[in-house]
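Student: Could you take me through one part of this structure closely? I would like to look at the salt bridges and how buried their partners are.

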Amino acid sequence: MPTEPPTTALLWLPGASSIAPRTDRLFIALVLLCGFVAVAVCVTMVVFCVRYRSGAKVERSAISRKLGLELGWTLLPLALFLVIFVWAAADYVRLYRAPDNALPIDVVAKQWMWKLEHRNGRREINELHVPLGQPVRLVMTSQDAIHSFYVPAFRLKQDVVPGRYTSLWFEATQLGTFQLFCAEYCGSEHAQMLGRIVVMRPAEFAQWLASGTPEPSLAQYGFARFRQLGCSGCHAAGSILHAPALEGLIGRTVHLQDGRSLVADENYVRDSILLPKKDVVAGFDPVMPSFAGQVSEEDIRALVAWLRSTGEARTGVRP
Ligand code: CUA
């Protein structure tokens, strides 16, 4: 029986993900700091209004300069807000760098619903089942307008944009059902673009994932497209035309012809299909034609899913 990790709450809002306590601490610190500054300014204002009111017998000549005081009220707030900056930046980096073993889930937003797909092909609409205590990585894109994936109980919010991938990761720390909202005005039924996240015990989740009508997974479709589109002619091992091998590409560091290097992610794959001249791999000629217009968004997602599946032996992700 796995022990459940501790959970937190901010006033009435449960904190049901591993990132929630960190976000709450930062939020509370910001409220306290800004509240303190606001109260200090208001109190000083009122005190001065009374003390220097018309007719009061007080010293009104300019106060002699006090260097220490001026330096103090300039440097202290600067230091405080720099601390907040470093703190928030650290949390931000943590939020956007998913652990290697995170379970990938595809999210497609459209007017006005959330379509979700697990890696074995199990699909859901407006409902996402996830296991407790296991990192989950959402790879999100939109078919039309800009939407925003928002789960207050997990302290997560991320824009979902057409024409590119955005991603988020979380680890649920509490069993139950949590509300999913669209937080970006996306048309007349934006307010109805709701869903829920169902957090289950890992064993129940595995059972749930295996049940349901089996459909070919996105990765399988991706592999079929890899051959149909002719990608395999150059990229498969032993092909006549020499092109970079793609197995296990996602997450790998790629060195480019112009001396840059980058970590291959979903957007890199997308760009390499549509704009192959943009990031040419070191040691290869820029001979690949663009596939813009020949591949659909679905094809690109499928190719990405297949590429990801080829790297799973490396990262140790299992169904
Ligand atoms: Cu989708 Cu608002």
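**A close look at the salt bridges**

Tutor: Let's start with one pair: arginine 301 and aspartate 106 form a salt bridge, and their closest N and O atoms are 3.8 Å apart. The term means that a side-chain nitrogen of Lys or Arg lies within 4 Å of a carboxyl oxygen of Asp or Glu. This pair links distant parts of the chain: arginine 301 sits in helix 7 (residues 297–310) and aspartate 106 in strand 3 (residues 103–110), 195 residues apart. Helices (H or I, at least four residues) and strands (E, at least two) are DSSP runs, numbered from the N terminus.

Before going on, please keep in mind that this is a predicted model, where local features need pLDDT of at least 70 and side-chain atom pairs count only at pLDDT 80 or more, while totals for chains, interfaces and linings use all residues. Residues are numbered from 1 along each chain as its sequence is written, and side-chain values use heavy atoms, with hydrogens and water left out.

Are the two partners buried or exposed? Arginine 301 is buried, because its relative accessible area is 8%, and aspartate 106 counts as buried too, at 7%. Here buried means under 20% relative accessible area, exposed means over 50%, and partly exposed is in between (1.4 Å probe, protein chains only).

Helix 7 also holds arginine 308. The side chain of arginine 308 meets that of glutamate 266 in a salt bridge, at 3.6 Å from N to O. Glutamate 266 belongs to helix 6 (residues 266–274), and the two residues are 42 apart, so this pair again links distant parts of the chain. Glutamate 266 is buried, with a relative accessible area of 3%, and arginine 308 counts as buried at 11%.

These four residues come together in a wider picture: Asp106, Arg137, Glu266, Glu298, Arg301 and Arg308 are linked in a network of salt bridges.

Now look at another pair, glutamate 117 and arginine 123, whose closest N and O atoms are 3.0 Å apart in their salt bridge. Glutamate 117 counts as buried, at 6% relative accessibility, whereas arginine 123 is partly exposed, with a relative accessible area of 38%. By the rule given above, the count comes to 13 salt bridges.
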